[in-house]
Amino acid sequence: RTHRMSLVYYSDAKSKRSSESLLEKLGRIIKGSELPNIVSPGDEVLIKCHMGAELTTRYLRPVYVRRGVDEVRALGGEPLVVETTGLSLLDPRGTAEKYLKIALSHGYTPDSLGAPIVIADGECGLDAFEVEVSGLKTKGASLAGALRGADVLIGLAHFKGHALVGIGGAVKNIAIGLSSKEGKYLYHYEGKPKVDEGLCNSCGDCLALCPVNGAIKLVGGKAMIDPDLCAGCLACIASCKAKAVVTKRRNDPLELQIMLADIASAVVNTVGKENAFFVNFLLEVDWLCDCEHGDRGWSDLPIVPDLGVAASADPVALDMASTELVNNAPGMPGSRADEVGAMKPGADKFKAMFPNMDWKDALTACERLGIGRTGHR
């Protein structure tokens with residue numbers, strides 16, 4: 001069955017000498033993988049990574065991204081390190097300016113990375129383009145503008161758990177991670193925000209904060225949101241003291257898994273499967289996303305010891321292999337894995353931590369959409 005399986009490269013985190021440094025291992029994985037055949041001289045190469053939230057401490061260290069940049073440049077590519085703004089305009093990472101300040105505090109600078117840092121959806125998350133999706137749930141996706149015209153996409157993901165889909169790895173890093181603000185909003189919420197006229201006090205705060213001209217108007221003294229113009233930045237909801245702006249959050253775990261796969265397929269098909277490569281760092285594996293521990297972020301104990309780095313041209317196989325590596329490792333005493341009784345090697349730690357969902361659903365959906373295989377070797 002090997003012809004139906006995708007190749008995943010892996011190196012553990014153990015080192016006894018300089019040649020076994022994880023940076024050196026990462027370099028060897030890249031050189032021995034498909035990436036040298038993907039990157040051609042002059043290619044614009046987007047290197048997508050998450051740079052952490054304000055008070056998190058277990059984000060991907062910039063030194064690993066720098067090694068990826070150096071390897072791409074050695075192949076003749078022109079690397080750009082990219083990320084997108086957070087979901088809400090008013091959040092600590094809600095604009096490019098605010099996110100870049102957090103990135104700086106975490107050691108992410110053009111000098112440290114050896115490449116420009118580009119917030120791929122623009123200053124307020126409005127630089128976007130629409131693509132059609134032959135998805136299982138959705139028929140369109142709003143993606144970050146910098147993805148237009150990119151020759152190569154490399155996803156560098158800090159592998160961890162995630163409260164909405166069970167795992168946060170290669171697939172989520174490019175799906176939600178390369179969506180525009182509107183794309184993120186439509187993933188998390190059902191329909192655009194609406195104003196309850198009975199609660200609206202005509203203060204106009206929402207109009208002042210809305211980044212899209214004309215998306216909110218006063219009609220008969222009451223605010224009205226145009227769903228076609230609304231970018232889903234949530235500023236009106238966060239700023240409304242009268243609680244007059246309402247929306248409905250999606251809460252069906254299976255729906256979220258399938259929509260994640262749909263958006264991932266939109267990203268992969270936009271760039272081209274043959275032009276994408278992915279790396280998961282199984283280091284300081286937290287049980288929640290790097291940005292998900294509350295509004296400003298925080299980090300917990302890793303759920304397993306450091307395991308190393310894995311890579312593949314197939315994001316589905318990579319996430320499957322990464323999950324298996326974590327599940328087959330012993331749990332870390334005192335961690336979330338300990339709290340849910342998933343300490344033994346072989347225990348499904350992600351299912352134990354998030355019992356209302358099955359992390360496999362997103363990967364199975366990705367396989368159905370043709371962007372990867374769950375089988376790997």
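Is D127 buried, partly exposed or exposed? In this predicted model, D127 has a relative accessibility of 31% and therefore counts as partly exposed. The tour begins at this residue.

**Stop 1: D127 and R148**

Select D127 together with R148, whose side chains meet in a salt bridge with an N to O distance of 3.0 Å. The two residues belong to distant parts of the chain, 21 residues apart: D127 sits in the loop between β4 (117–119) and β5 (128–132), and R148 in the loop between β6 (140–144) and β7 (152–158). R148 is likewise partly exposed, because its relative accessibility is 44%.

**Stop 2: further salt bridges**

The whole structure holds 21 salt bridges. Select K137 and E255 for another of them, with 3.3 Å from N to O. Here the contact spans 118 residues, from K137 in the loop between β5 and β6 to E255 in helix α10 (residues 253–271). Colour the two ends by accessibility: K137, at 45%, is partly exposed, whereas E255, at 12%, counts as buried. The limit for burial is under 20% relative accessible area, so E255 falls on the buried side of it.

Move next to E182 and K192, where the side chains form a salt bridge of 2.8 Å, N to O. This pair connects helix α7 with strand β10 (residues 189–195), E182 being in the helix and K192 in the strand, 10 residues apart. K192 has 13% relative accessibility and so counts as buried. Then select E24, K31, R67 and E71, which salt bridges with shared partners join into one network.

**Stop 3: the largest pocket**

Helix α7 also leads to the next selection. With three residues, α7 gives the most to the lining of the largest pocket. The space in this pocket amounts to about 750 Å³. Its lining comprises 35 residues, and those closest to the pocket centre are G86, L87, R93, H188 and C291; centre the view on them. At least two lining residues come from each of β8 (160–162), α6 (170–175) and α7 (181–188). Which classes of residue make up the lining? Coloured by class, the lining shows 11 nonpolar, 12 polar and 12 charged residues.

**Stop 4: the seven-stranded sheet**

Switch to a ribbon view and select the strands in the order β1-β15-β14-β7-β2-β3-β4, which together form an open sheet of mixed pairing. At its edges lie β1 (9–12) and β4, each of which pairs on one side only. From one strand to the next, the twist averages 20°.

Begin at the β4 edge. Strand β3 (residues 78–83) runs parallel to β4, and three bridges pair them. To locate the register, select V81 and I117: V81 stands opposite I117 in β4.

Now cross to the other edge, where β1 and β15 run antiparallel and are joined by four bridges. S11 and V309 mark the register on this side, V309 of β15 standing opposite S11. The other neighbour to inspect is β14 (residues 276–282), which pairs with β15 in the antiparallel sense over five bridges. Select L282 and its bridge partner in β15, G308.

**Stop 5: strand β15**

Keep β15 (residues 308–312) selected and display its surroundings. Why is this strand described as largely enclosed by the rest of the structure? The reason is that five of its five residues are buried. In a regular strand, side chains alternate between the two faces of the sheet. In β15, one side carries G308, A310 and S312 and the other V309 and A311; all are buried, so that both faces are covered.

**Stop 6: two positive phi angles**

Most residues other than glycine have a negative phi. Two residues here merit a check of the backbone torsion. Select E284, in the loop between β14 and β15. Its phi is positive, about 45°, although E284 is not a glycine. At 16% relative accessibility, E284 counts as buried.

Finish at L234, in the loop between β12 (222–225) and α9 (235–239). L234 also has a positive phi, near 70°, in a residue other than glycine. Its relative accessibility is 11%, and L234 therefore counts as buried.

Note on methods: Residues numbered from 1 in each chain as written. Predicted model: local features only at pLDDT ≥ 70, side-chain atom pairs only at ≥ 80, totals over all residues. Heavy atoms only, no water. 1 Å grid on protein atoms, 1.4 Å probe; cavity = no way out; pocket = protein on both sides within 12 Å on 5 of 7 lines; lining within 4 Å. Points joined across faces, edges and corners; volume = space filled by probe spheres on them. Nonpolar A, V, L, I, M, F, W, Y, C, P; charged D, E, K, R; others polar. Salt bridge = Lys/Arg side-chain N within 4 Å of Asp/Glu carboxyl O. Buried < 20%, exposed > 50% of the residue type's maximum accessible area, 1.4 Å probe, protein only. Pairing = 2+ DSSP bridges. Axes fitted to C-alpha atoms, helices over the stretch in contact; angles between N-to-C directions.
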